[in-house]
Amino acid sequence: MTSRNPRDSRLRLVSPRPLAAAPRAVTQRRTRRPAPRPPEGTPPPAELARMARTGLSDAARVARWADAALRPGRDGADPGGKGALSDATAERAAADLGLTPVQARADWDTARLAGLIEVHGDSARPGWRLRAWSRDDSAVLRGWVALFDAWSLAYPEPMDREPAAVAEVVSAMPQVLSFLQLSAGPVPVDQLLDLLGQRVTELRTERCEISYGPDPEPAPEPAEIPDAPLAPLLDWALHALASVGALTYGEGQATLTPLGSWAVWVKLEQICVAAQSPAGNIEQSAEDMLRGCAQLRPNAARAEYRAWLAARTVVSAVTELIAAARGEDALTRGLAFEALRVVGAPAEPDVRAVVEETPLRPYALLWLAEHDGHDPEDAHEVLTRAESTWLWVDTAAAVADHGEAPLLVRHLESAVQPTVPALLDEVRAVGHPRTVQVLVALAAAHPDPALAKAVRRAAFQVHTGGS
């Protein structure tokens, strides 16, 4: 901008991008860690992919049937509410494929968990993995790992057990699986039960909180889950993992399959990468992890997100990320949705659930647009003018808090408004709680005295409620 008259100051229009801020560039080079090798005896990727294709052949079959039979415009194309098979569609699938309706539903659910079918709102459509199923081994393995991650959803959980006890066992099973992987052979169930009991005790101890006040109270005893023997829950967990092909279970012992052993190794390796990275955020809360990733380049940050996610269940990770996004730090909010992009389809219900929350709405709409196939550069078109303005202010708040003055000045160019006066009018109208701070910071950073004066005046008007 060269004009000193803010009324004539034209803003160069650029496509707004779903970023909370542009972190400072990291100038130092990261030491590259040698590519890890899987344990000796692990089949090559092509053989692992063949195993995964065999295990998911029924799911792929029903997904291909859905691709042909449930396309928009076909009779009876609606699979059912929230992507579940309706009774009529299950009967139809069973008749066409020579299955029972129960088998058709089970294969459909497996296809959803493996990403062969993606659910969007009340509709379902073939996932990208189905398109690449026959030619891309990495897509097949990612699909199987997605099913492995969702093992607790693939097998009905015991109805007569406390939900809290079931959740404890799900949280403790990664340690059990790690032990199985390190054992590289059959392990007696009694030994696994002892390990599970130790891990559950640790989890209960970690939940204890000490009150720090003028008169601190004694630390509470670990919360006990009544009537929650672990043997039936371990039996359920092992059956569930066997149902997805991660292990074999019988005659009082369990053994990881080659696919299961490889998947556990991949998860452990991701955790090791995070532990050895400059940020080292694997044990941090979502908010602290996101702050630790703020200064990383995008690829490095995504690697941190993946490792952090690998150490947690999908449900707990998404819940933590959404909670972090609800905080006051705009940079954390933007980064939380970047991490949710790494989560992918499993995060969709939670993202969709926050669309009506004003601070999260623009981020959620952009996330959903990209998830639905919009080009990231064009996804901003789903936002209204007011939503784009809110996002602009929120991003400016992140830059003001964590960036540098030149970056805040450059951010001015990303506004959708064609002139500075139009931008200021709409910023004032949108009612973002950080409007005053953003305008004051922008006025202090901008080198054009006339424009800075206009921005300061707008900040004062917002502060005083004037016009």
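Ala111 touches Ala59, Val62, Ala63, Leu116 and Ile117, leaving aside residues up to four places away in sequence (a contact being heavy atoms within 4.5 Å). This is a predicted model, in which local features need pLDDT of at least 70, side-chain atom pairs count only at pLDDT 80 or more, and totals for chains, interfaces and linings use all residues. Residues are numbered from 1 along each chain as its sequence is written, and side-chain values use heavy atoms, with hydrogens and water left out.

**Confidence**

- The average pLDDT of the chain is 78, and 80% of the residues score at least 70 (pLDDT is the predictor's confidence in each residue, from 0 to 100).
- In residues 73-77 the pLDDT drops below 50, and this stretch has 9 contacts in the model beyond near neighbours in sequence.
- Residues 218-227 also have pLDDT below 50, with 17 contacts beyond near neighbours in sequence.

**Around Ala111**

- Ala111 sits in helix H4 (residues 101-113); helices (H or I, at least four residues) and strands (E, at least two) are DSSP runs, numbered from the N terminus.
- With 0% relative accessibility, Ala111 counts as buried (buried means under 20% relative accessible area, exposed over 50%, partly exposed in between, with a 1.4 Å probe and protein chains only).
- Leu130 is 19 residues from Ala111 along the chain, and their C-alpha atoms are separated by 9.3 Å.

**Salt bridges**

- The count comes to 18 salt bridges, taking a salt bridge as a side-chain nitrogen of Lys or Arg within 4 Å of a carboxyl oxygen of Asp or Glu.
- One of them joins the side chains of Arg53 and Asp137, at 3.0 Å from N to O.
- That pair links distant parts of the chain, with Arg53 in helix H1 (residues 45-55) and Asp137 in helix H6 (residues 137-149), 84 residues apart.
- Asp137 is partly exposed, at a relative accessible area of 27%.
- Arg131 and Asp67 also meet through their side chains, at 2.6 Å from N to O.
- Here too distant parts of the chain are linked: Arg131 belongs to helix H5 (residues 128-131) and Asp67 to helix H2 (residues 57-69), 64 residues apart.
- Arg131 counts as partly exposed at 48% relative accessibility, whereas Asp67 counts as buried at 12%.

**Helix H14**

- Arg341 forms a salt bridge with Glu338, and their closest N and O atoms are 3.4 Å apart.
- Both Arg341 and Glu338 lie in H14 (residues 330-343), 3 residues apart, which is about one turn of the helix.
- An α-helix has 3.6 residues a turn, so residues three or four places apart point the same way.
- Glu370 joins Glu338 and Arg341 in a network of salt bridges.
- Arg341 is partly exposed, with a relative accessible area of 23%.
- Most of H14 is covered, with 12 of its 14 residues buried, including Leu335, Phe337 and Leu340.
- The cover over those buried residues includes helix H11 (286-293), helix H12 (298-310), helix H13 (314-325), helix H15 (348-353), helix H16 (361-371) and helix H17 (385-402).
- The 14 residues of H14 should span 20 Å at 1.5 Å a residue, and its end C-alpha atoms are 20 Å apart, which agrees; the expected span is 1.5 Å times one less than the number of residues.
- At the start of H14, a side-chain oxygen of Asp329 comes to within 2.9 Å of the backbone nitrogen of Leu331.
- Gly344, just after H14, has a positive phi of about 80°.

**Strand S5 and its partners**

- Side chains alternate along S5 (residues 253-256): Ala254 and Leu256 point to one face and are buried, while Gln253 and Thr255 point to the other and are not.
- Strand S4 (residues 247-250) runs antiparallel to S5, joined by 4 bridges (two strands pair if DSSP finds at least two bridges between them).
- Thr248 has Thr255 in S5 as its bridge partner.
- Strand S3 (residues 187-188) pairs with S5 in the antiparallel sense over 2 bridges, and Pro188 stands opposite Gln253.

**Positive phi outside glycine**

- Most residues other than glycine have a negative phi.
- Ala184 is not a glycine, yet has a positive phi of about 55°.
- Ala184 is in the loop between helix H7 (163-183) and S3, and is exposed at a relative accessible area of 71%.
- Glu251 takes a positive phi near 55° in the hairpin of S4 and S5, which has 2 residues between the strands.
- Glu251 counts as exposed, at 82% relative accessibility.

Definitions and conventions. Polar contact = N/O pair within 3.5 Å; in protein donor to acceptor, adjacent residues only side chain to side chain.
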